[in-house]
Amino acid sequence: DDGWLKTCVGICGLDGVLPSGLDSEISPLAPFLTGSVRVKIALARALAVKPRILLIDSVFSLLSSANEAAIITAIKSKLPSVTIIAVAGRKTSVYLADAVCLLDGGGGAQLLPSEDVTENPVLLGRFFGSSRSAAQNRAGK
């Protein structure tokens with residue numbers, strides 16, 4: 001369904017990027033195929049199958065924080081029934097999450113609301129290796 005595919009392309013920020021829209025030929029030598037475009041295409045393909053769960057393993061590290069935020073926000077808005085499980089360690093990921101799972105060196109896991117982590121410098125420090133304030137991390141400093 002072209003309508004659904006266009007939605008997936010739009011969610012991933014590919015509108016206007018693919019030279020011939022959905023008819024664009026995707027090859028390894030395509031000049032518009034930067035690393036971030038490849039990531040967006042992979043995400044659009046993953047969404048095209050209408051998943052209930054979307055598992056993302058560190059893929060957002062290839063995108064800017066702004067692109068990551070735009071894509072996650074669009075997925076949450078347009079596909080609210082999709083559960084996103086992202087393996088990530090970037091500030092943006094923590095602030096965009098509904099919940100954060102803290103892994104303790106293989107010894108256990110703790111699932112917390114995102115706000116519990118972002119507002120607690122000690123927990124936030126476990127992600128970013130410091131006890132910087134939530135305001136500093138939110139600002140991306």
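A pocket, as the word is used in these legends, is an open set of grid points where a 1.4 Å probe fits, with protein on both sides within 12 Å along at least five of seven lines. Lining residues have an atom within 4 Å of such a point. The model shown is predicted.

**View 1. The second largest pocket is lined by 13 residues.** Nearest its centre lie V9, L18, L22, I41 and R45. The space in this pocket comes to about 210 Å³. Two helices, α1 (2–11) and α2 (35–48), each supply at least two residues of the lining. The largest share comes from α2, with four residues. By type, the lining divides into 10 nonpolar residues, two polar and one charged.

**View 2. Helix α1 has four named buried residues: W4, C8, V9 and I11.** Seen down the helix axis, these buried residues fall within an arc of 165°, so they line one face of α1. They pack against α2 and α3. V9 also appears in View 1, among the residues nearest the centre of the second largest pocket. After the helix comes G13. The phi of G13 is positive, near 75°.

**View 3. The largest pocket holds about 750 Å³ of space.** Its lining is made of 27 residues, and the closest to the pocket centre are I84, I85, A86, A97 and A99. Five elements give two or more residues each: α3 (65–78), β2 (83–87), α4 (91–96), β3 (99–103) and α6 (121–128). Strand β2 gives the most, with five residues. What types of residue make up this lining? There are 19 nonpolar residues, three polar and five charged.

**View 4. The side chains of S93 and E68 make a polar contact.** The distance is 2.5 Å. S93 lies in helix α4. Is S93 buried or exposed? Its relative accessibility is 14%, and buried means under 20%, so S93 counts as buried. Leaving aside residues up to four places away in sequence, S93 touches E68 and A88.

**View 5. A88 sits in the loop between β2 and α4.** This residue is one of the two that S93 touches in View 4, when residues up to four places away in sequence are not counted. A88 has a relative accessible area of 34%. That value lies between the 20% limit for buried and the 50% limit for exposed, so A88 is partly exposed. Along the chain, A88 and V59 are 29 residues apart. Their C-alpha atoms are separated by 8.1 Å.

**View 6. The whole protein has seven helices and four strands.** Along the sequence, the elements follow the pattern α-α-β-α-β-α-β-β-α-α-α. The protein has 141 residues, and 33% of them are buried. How much of the contact total comes from residues far along the sequence? Take the contacts with a separation of 6 or more: residues 24 or more positions apart account for 46% of them.

Terms used:
Residues are numbered from 1 along each chain as its sequence is written. This is a predicted model: local features need pLDDT of at least 70, side-chain atom pairs count only at pLDDT 80 or more; totals for chains, interfaces and linings use all residues. Side-chain values use heavy atoms; hydrogens and water are left out. Grid points are joined across faces, edges and corners, and a volume is the space filled by probe spheres set on the points. Ala, Val, Leu, Ile, Met, Phe, Trp, Tyr, Cys and Pro count as nonpolar, Asp, Glu, Lys and Arg as charged, and the others, Gly among them, as polar. Buried means under 20% relative accessible area, exposed over 50%, partly exposed in between (1.4 Å probe, protein chains only). A polar contact is a pair of N or O atoms within 3.5 Å; within protein, one must be able to donate a hydrogen and the other to accept it, and residues adjacent in sequence count only if both atoms are side-chain atoms. Contact means heavy atoms within 4.5 Å. The arc is that of the directions from the helix axis to the C-beta atoms.
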